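Colleague: I am new to this one and would like to know how its terms are justified. Could you take me through them?

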Amino acid sequence: MYHDNYEEDDLAAEVELVTSAQYPQDADVDDGFDSEGVVSSQKQPIAVEIPDTIKNFITYFHRNVLENNIYELHTLYEVTFNKLTDRFYAKQPWPEAELISPLVDDDQVFLTLYRELYYRHIYARLSPSIQDRFHSYENYCDLFNYILNSDFPVNLELPNQWLWDIIDEFIYQFQSFCNCRNRIKNRSEEEIALLRDNPQIWSCYSVLNVLYSLIQKSRINEQLLVNKNGGDMLEAAGEYGSRPLYKMLGYFSIIGLLRVHCLLGDYTLALKMMDNIELNKKALFSRVIPCHVTTYYYVGFSYLMMRRYADAIRAFSTVLTFIQRTKQYHTRSYQFDQIAKKCDQMYALLAMCIALCPTRLDENIHNHLREKYGDQLAKMQKGEDSISVYEDLFQYACPKFISPNGPNFDDPASLSQVNEPYQHHAKIFLSDIHNQTMIPTLRSFLKLYTTMSIDKLAAFLEMDADELRTQLLMFKQRSRQQKWITGNLLEGDIVSTSDLDFCIKQDMIHIAESKVGRRYGDWFLRNITRFQDVIATLEHKN
Amino acid sequence: MAQLAMNRPEVIQSLIDGVDRYNPDNISILEEYLATQCQNEEYDLMANLAALKLYQFNPHLTNDRVIINILAKALTAVPAPDFNLCLYLLTEPMIIDESIKQLTALHQLLEQSRYAKFWETYKSDSAYEQLVSEVRGFSRAIRSIVARVVSMTHQQIASSLLESYLDLSGDDFAAFVKEQNWELKGAIVQIPVNKDNEAKTVVIRENIKFEQLTKVIGYSNEM
């Protein structure tokens with residue numbers, strides 16, 4: 001844990017803190033859209049005194065970074081930094097890197113890492129100005145250049161959680177920038193000029209370039225292949241990849257690309273990124289909980305958009321079960337709110353999947369789902385104004401889509417058009433859903449019979465026979481889905497995913513329902529365990 | 001994705017597997033490959049998505065005719081979701097373009113299995129035929145979609161109905177039925193039983209895995 005009394009106290013005290021002139025007092029530019037911060041970015045008052053606690057923290061932090069003291073860094077990063085933020089910087093940014101530079105002997109690497117935290121804090125708690133966004137991007141460039149363009153692997157070790165946060169935040173800021181770039185209404189000319197003159201900042205190509213470079217430098221794909229098929233790991237990993245810093249950054253970049261492609265609407269490519277990663281408990285992503293959750297969220301979402309509902313259900317229920325089981329660990333985490341939100345979104349997506357592809361869920365997950373989205377699920381299953389329910393759930397639970405290109409500043413006409421990628425995706429998704437809104441009703445009728453004539457069913461449903469025939473053809477097609485069996489995430493066989501099947505002989509529908517046999521084994525196993533517990537308790541009492 | 005490209009050239013394979021897929025200079029390779037697909041009645045979704053990706057990142061390269069061909073090709077892959085996967089990579093202003101709207105209308109009809117209506121629309125305006133003109137064997141491909149869905153769903157179907165689904169009649173219709181190994185019996189077409197159209201009741205039995213038993217075996221050890 002972090003202690004307030006360091007030996008370095010005197011060192012910090014020596015540092016003079018005259019800072020007034022260095023600070024550019026730029027206008028308080030609020031881009032007024034980001035919901036992430038409630039308080040607008042208040043620049044610090046001139047010549048602010050940095051509290052001693054913070055000075056001590058920074059010097060201590062710096063020393064641990066220099067010594068690659070992972071264990072201590074873990075606490076400093078996850079606990080102390082957040083505690084101090086709450087205490088001192090809940091409503092204002094941390095001191096600028098230039099101000100703390102004397103405390104850390106002007107150590108540029110540390111200052112870059114510090115700035116990463118500094119801007120992340122602005123994004124999370126305040127609202128970043130265009131300048132903040134630009135500077136943060138430049139800082140990421142410095143950081144990645146330092147890591148990627150050195151003649152030898154850099155001698156730096158950081159906790160996995162931090163490494164994940166770096167990649168995660170990098171993509172988050174990219175997404176946030178793409179969304180804010182498109183809203184040019186109410187922007188000052190100066191800001192528009194900044195955006196127009198700097199198209200390379202936060203551009204798609206540069207972001208992808210960083211992620212791919214990290215993957216290549218770390219030879220993570222080669223490492224994963226050796227892991228899967230055997231071979232010489234040291235040779236596969238190479239000089240850089242055998243360092244944990246490179247290996248983990250490379251690995252997290254793969255997950256990062258899964259996310260970026262998903263945000264861009266390229267679902268097949270998103271899943272293709274995961275070619276060398278197997279979704280199981282032993283996978284590296286499970287070492288960092290937010291990474292674990294992110295992975296499954298985007299895998300599940302991609303499957304949903306590819307109409308592979310059975311696979312989406314499997315992805316969501318796996319991770320939701322995991323979150324439930326490990327609840328006691330992450331309720332304390334500083335990322336608890338974020339995980340809880342993602343979790344809630346995944347329940348919403350799961351509800352849609354279940355309505356589209358009725359499937360028996362794990363009991364626990366099913367109860368939670370009914371608790372959270374019981375009403376919506378019922379509406380979707382009944383097909384009563386279900387489209388608006390789908391729309392609400394989709395809007396709530398989908399990722400924040402981005403469009404890769406900024407507005408065309410040379411064409412004033414296009415500037416007035418707001419290019420809203422969410423609308424685009426929602427429209428296509430919902431029109432697809434719209435085609436299948438009758439299916440639940442049809443299903444509920446078919447469940448009641450073993451044979452029935454088309455005319456009779458049409459009369460029940462109050463539609464004409466031809467319409468019913470097309471509905472039946474569609475029902476049949478939608479009950480067959482590509483489903484993952486083994487291999488890469490994109491692979492799969494076409495299988496029947498419905499417990500209800502039928503065939504048409506001229507004007508008669510013959511219906512068959514698959515039944516789940518009684519689960520004797522499961523029942524006995526559970527009761528054996530319970531019995532064993534009773535015996536154990538009795539023995540204990542004796 | 002229903003039809004996997006079996007003979008994907010190595011050039012294309014390495015292109016879509018690596019970072020080269022982002023290189024705008026490669027667009028011509030992908031465009032030529034699409035032209036080959038259209039010519040030879042082949043289909044490769046992954047390669048076509050890679051082309052759309054390049055357009056997404058480099059709007060100035062966008063070639064409307066290529067997009068139309070990709071979408072027309074994706075129509076022949078229904079019921080796979082390929083058409084929508086392509087649309088997601090386009091932008092809002094693009095999909096309200098008249099040609100793409102027309103293709104989307106055709107796609108909706110196919111998705112909804114309104115086959116008779118599909119043919120009616122398709123033939124109502126020469127613009128439609130113009131849109132798919134570069135895709136060789138387009139009608140044939142659509143008919144095989146219809147055939148697949150019909151044979152998944154039916155054991156017997158009235159021939160007049162099937163004729164309207166296929167937009168075929170007389171000798172053409174008889175030939176098509178024969179080609180599918182179906183049997184024309186008077187006013188009825190008989191379709192052989194396959195795994196999708198038999199509708200058999202199955203009882204799913206519980207399958208106990210060894211891992212579930214480890215705990216119980218553990219207890220027996222303690223005794």
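Colleague: How much area do chain B and chain A bury between them, and what share is on carbon and sulfur atoms?

Modeller: Happy to help! This is a predicted model. Chain B and chain A bury about 5,600 Å² between them, with 57% of that on carbon and sulfur atoms. In chain B, Phe57(B), Tyr88(B) and Glu206(B) lose the most area to chain A, together 13% of what that side buries.

Colleague: How many residues does the contact take from each chain?

Modeller: Chain A gives 62 residues and chain B gives 60.

Colleague: What makes the meeting of Lys53(B) and Asp266(A) a salt bridge?

Modeller: The cut-off is a Lys or Arg side-chain nitrogen within 4 Å of a carboxyl oxygen of Asp or Glu. Here the side chains of Lys53(B) and Asp266(A) meet at 3.2 Å, N to O, so the pair qualifies under that limit of 4 Å. The count between chain B and chain A is six salt bridges. On the side of chain B that touches chain A, the residues divide into 35 nonpolar, 14 polar and 11 charged.

Colleague: Now to helix H10(A), residues 220–229: which of its residues are buried?

Modeller: Ile220(A), Gln223(A), Leu224(A) and Val226(A) are the buried ones; the word calls for under 20% relative accessible area.

Colleague: Why are they said to lie on the same side of H10(A)?

Modeller: Because they cover an arc of only 160° around the axis. Their cover includes helices H9 (204–218), H11 (233–241) and H12 (244–263) of chain A.

Methods:
Residues numbered from 1 in each chain as written. Chains lettered and ligands numbered in written order. Predicted model: local features only at pLDDT ≥ 70, side-chain atom pairs only at ≥ 80, totals over all residues. Heavy atoms only, no water. Buried < 20%, exposed > 50% of the residue type's maximum accessible area, 1.4 Å probe, protein only. Helix = DSSP H or I, 4+ residues; strand = E, 2+ residues; numbered from the N terminus. Arc of directions from axis to C-beta. Contact = heavy atoms within 4.5 Å. Buried area = accessible area lost by both parts, 1.4 Å probe. Nonpolar A, V, L, I, M, F, W, Y, C, P; charged D, E, K, R; others polar.
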